[in-house]
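Reader: I have just opened this one and would like to be walked through it. Could you take it slowly, please?

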Amino acid sequence: MRHLMSPLDFSVEELDKLMDLANDMEANRAKYAHACEGKTLATLFYEPSTRTRLSHEAAMFNLGGNVLGFSSADSSSAAKGESVSDTIRMASCYADICAMRHPKEGAPMVACRHAAIPVINAGDGGHQHPTQTLTDLLTIRSLKGRLGNMTIGLCGDLKFGRTVHSLIHALVRYPGIRFVLISPEELRLPSYIRADVLDKHQVPYEEVVRLEDALPKLDLLYMTRVQKERFFNEEDYVRMKDFYILDAKKMELAPEDMYVLHPLPRVNEISVEIDDDPRAAYFKQAQYGVYIRMALILTLLEIEV
Ligand code: NCD
């Protein structure tokens, strides 16, 4: 039985197959409409979510399957003190596959040790968010036609942003990737990722504070929200939250073919005035999230269509 804890759980070749399947699902929805009939997905969400939970659920519905679960720790027995390992044992009785989001790093890993069903890590604290990474890879491959040979700007909360951490792990496996890390000093990418991932793979990167300095040289800009819930005090958050605001004026500095991605939710870091810019790809990205999760569910359940 296979789980998804980190984007590295799939080889580059397996990821290609997964993305091909997602593209086929987009083109031939009807072919897959009954693929998961009689199967149930449990969504165990101990932390807020809109896209990740709903896109897993939409994916399962699109495959003809069923969905059950909870959307906050308060509404589950976690509020009574139940452990993750007991909860996953229960979910294994009710469902065939589960997606878990948890504020604690490593909680889905604990779950998969006690699970009788495949577990998908739907975000664990500031650590990893592999299904967002699958979404991002599919989006980049679909928009740019490739995954290597490009300069990618990662902007915002690089310290706590788990989507950025997972994406870096996944992208360093492709040739010709360069990163421009754009963040305030306090929210720099953790040194363990710089050393253990970027330096180890000899991936070139530079760190800058001003978004304007980076924009002209990017093939892709990945914006992120300042992760309010991971700050230890409100004052620091308030000081950081509007550090970057991508607006129409700044977009004038960017190449014509530089797409803007964002895992969403956005707060203020992307002005709504650029939503209609053809380079703004974040809503399209959310749509790709459904197709890649359909492909993931089918693959983990080992169902062939
Ligand atoms: C991200 C997350 O939860 O880490 N959201 C998402 O799943 N699309 C990004 C965020 O919350 O900022």
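**Around the ligand**

Author: Let us begin at the ligand, keeping in mind that this is a predicted model: one oxygen atom of the ligand is 3.0 Å from an N or O atom in the side chain of Arg 101.

Reader: Okay, and how far is a ligand oxygen from an N or O atom in the side chain of Gln 227?

Author: For Gln 227, the distance from a side-chain N or O atom to an oxygen atom of the ligand is 2.8 Å. Pro 263 takes part through its backbone, where an N or O atom lies 2.9 Å from a nitrogen atom of the ligand.

Reader: Which residues are around the ligand overall?

Author: The residues around the ligand are Thr 52, Arg 101, His 129, Gln 132, Arg 162, Thr 163, Arg 225, Gln 227, Pro 263, Leu 264 and Pro 265.

Reader: Switching topic, how is the chain divided into domains?

Author: Domain 1 is made of residues 7-128 together with 289-300, while domain 2 covers 131-285. The C-alpha centres of these two domains lie 25 Å apart.

Reader: And how many residues of each domain are in contact with the other?

Author: On the domain 1 side there are 32 residues in contact with 24 residues of domain 2. Together the two domains bury about 2200 Å² between them, and 54% of that area is on carbon and sulfur atoms.

Reader: What about charged pairs, how many salt bridges cross that interface?

Author: The rule finds 5 salt bridges across the interface of domain 1 and domain 2, and 12 residue pairs are found there in polar contact.

Reader: Which elements supply the domain 1 side?

Author: Those giving two or more residues to the side that touches domain 2 are helices H1 (12-27), H2 (51-62) and H11 (282-300), along with strands S3 (97-102) and S4 (119-124). The largest share of that side, 9 residues, comes from H1. By type, the residues on this side of domain 1 divide into 12 nonpolar, 12 polar and 8 charged.

Reader: You listed Arg 162 around the ligand; what does Arg 162 form with Glu 47?

Author: Arg 162 forms a salt bridge with Glu 47, with 3.2 Å between the closest N and O atoms.

Reader: Last one: how many salt bridges does the whole structure hold?

Author: The structure holds 20 salt bridges, and one of them joins the side chains of Arg 2 and Glu 14 at 3.0 Å from N to O. That pair links distant parts of the chain, since Arg 2 sits in the segment before H1 and Glu 14 in helix H1, 12 residues apart.

Technical notes
Residues numbered from 1 in each chain as written. Predicted model: local features only at pLDDT ≥ 70, side-chain atom pairs only at ≥ 80, totals over all residues. Heavy atoms only, no water. Domains from an automatic or database assignment. Contact = heavy atoms within 4.5 Å. Buried area = accessible area lost by both parts, 1.4 Å probe. Salt bridge = Lys/Arg side-chain N within 4 Å of Asp/Glu carboxyl O. Polar contact = N/O pair within 3.5 Å; in protein donor to acceptor, adjacent residues only side chain to side chain. Helix = DSSP H or I, 4+ residues; strand = E, 2+ residues; numbered from the N terminus. Nonpolar A, V, L, I, M, F, W, Y, C, P; charged D, E, K, R; others polar. Near = heavy atom within 4 Å.
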